[in-house]
Amino acid sequence: MDNFDQVVTYDKLVDLGLATHLLPVIPPDAELSEHSKLSSGNLGKIPGVYYRDTDTWSGMKNWPQHITSAVDLAVWKTWPKHAVCMNLGIEYVAFDYDINNGAFIEMLDDSIQGVLPESATRTRDNSPRKVRVYKLQVPTELKNEYLDYGIEDAFIGTLEILTGKKHVVLEGVHKSGGNQELEGEIAEITIEQLHEAIDRLSKNLFLLEKSPTTGKTRRLPVKAQRIQGSRTYETMCKIIEAWTACGGRHDALRDVIWGKVCDSGPSIAAID
C-alpha cells in the first residue's frame with residue numbers, strides 16, 4: 001500500500017458528496033482482535049474498526065445505520081493504511097461487475113448504452129472487474145439484483161446491482177495487490193432508467209435460468225435478445241477468443257451466438 005494515500009482518498013470522496021456514506025475497510029493483511037468472529041476471507045472487503053492499543057481490527061457493528069461525521073473522518077485518516085468503501089443506503093445504487101471477462105463486460109455495457117449515463121467507476125489495475133456508482137434522483141428502498149451469466153454448464157460471472165444495506169469498496173489496495181480507484185463524477189438517474197437497464201440486462205442471451213449465486217430460478221424471456229451492429233460483432237469475436245483461450249467450449253459458444261442471435265455479418269468461417 002506504499003503508493004496509496006488514504007488522506008487524499010477520503011478528501012477526494014468527500015468532494016464527490018459521499019462524506020456521510022464513507023467507511024473504513026479492514027486491510028487484507030490486518031490482525032483481527034481476539035474478540036472478532038470474522039474469517040480471514042472477509043479481510044479487505046468489509047467495514048472495520050481499528051484498536052490502536054492492540055494494533056488489531058474487528059468488523060464495524062451496525063454499519064448500515066452509521067452516518068459518518070467529520071469527526072469520524074478525522075480519526076480514520078490517522079489509522080493504518082486501509083481501503084475506503086461506501087454504504088449505499090437508499091440514495092445510491094452500484095453496478096458491481098463480478099466478471100473476469102473484459103469483452104463480456106463491454107457487451108453488457110453496450111446493451112444499456114443510452115439508458116444510463118456515464119458515471120463514476122471504480123476500476124482495479126490487475127482485473128477487468130469494476131463498480132459503477134449512480135445516485136438516485138429520489139431515494140428509494142429497492143431490492144438487490146443478481147444477474148448470473150454463463151453458457152451451458154460454464155459460468156461467466158455475476159452483475160450485482162446493489163443498494164440498501166450493501167457497500168462497495170471505492171479506493172484502496174485489493175487483497176490481490178491491485179490498486180482500486182474511483183474516477184469520474186457520480187451521475188443521477190431515475191427509478192425508471194434503472195428498471196429499464198435491469199430489463200435489458202435480464203434479456204441478455206447468456207443470462208442463466210438457474211442462478212448459482214442465489215439458487216433461484218429466473219424466468220427467461222421467450223425470445224433471445226437479438227444483438228446487431230458491427231461493434232457488437234467485434235465484441236462477440238473477443239468473447240469467443242477469450243473463451244477459447246481459457247479452455248472454453250468454442251463450438252457451443254459460437255453456435256449460441258451465431259445460431260440464435262445474428263442472421264447477418266461475416267460467416268463463422270471468417271473467425272475460425
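**Exercise 1. In which strand is the place of Tyr149, and what surrounds this residue?**

Let's work through it on this predicted model.

- Step 1: Start with the strand. Tyr149 sits in β7, which covers residues 145–151.
- Step 2: Decide whether the residue is buried or exposed. Buried means under 20% relative accessible area. Tyr149 has a relative accessibility of 0%, so it counts as buried.
- Step 3: Look for its contacts, leaving out residues up to four places away in sequence. Tyr149 touches Phe104, Leu108, Phe155, Ile156, Gly157, Leu159, Leu201, Asn204, Phe206, Leu207 and Leu208.
- Step 4: Take two of these partners further. With Leu208, which lies 59 residues away along the chain, the C-alpha separation is 5.2 Å. With Leu201, the side chain of Tyr149 reaches the backbone oxygen at 2.9 Å.

**Exercise 2. Describe the largest pocket: its volume, its lining and the strands that supply it.**

Now turn to the pocket in your viewer.

- Step 1: Begin with the volume, which is about 630 Å³ for the largest pocket.
- Step 2: Find the centre. The lining has 22 residues, and Lys45, Asp96, Arg122, Glu160 and Val169 are the closest to the centre of the pocket.
- Step 3: Sort the lining by residue type. Eight of its residues are nonpolar, five are polar and nine are charged.
- Step 4: Trace the lining back to strands. At least two residues each come from β4 (84–99), β5 (121–124), β6 (127–136) and β8 (154–173).
- Step 5: Which strand gives the most to the lining of the largest pocket? That is β8, with six residues.

Terms used:
Residues numbered from 1 in each chain as written. Predicted model: local features only at pLDDT ≥ 70, side-chain atom pairs only at ≥ 80, totals over all residues. Heavy atoms only, no water. Helix = DSSP H or I, 4+ residues; strand = E, 2+ residues; numbered from the N terminus. Buried < 20%, exposed > 50% of the residue type's maximum accessible area, 1.4 Å probe, protein only. Contact = heavy atoms within 4.5 Å. Polar contact = N/O pair within 3.5 Å; in protein donor to acceptor, adjacent residues only side chain to side chain. 1 Å grid on protein atoms, 1.4 Å probe; cavity = no way out; pocket = protein on both sides within 12 Å on 5 of 7 lines; lining within 4 Å. Points joined across faces, edges and corners; volume = space filled by probe spheres on them. Nonpolar A, V, L, I, M, F, W, Y, C, P; charged D, E, K, R; others polar.
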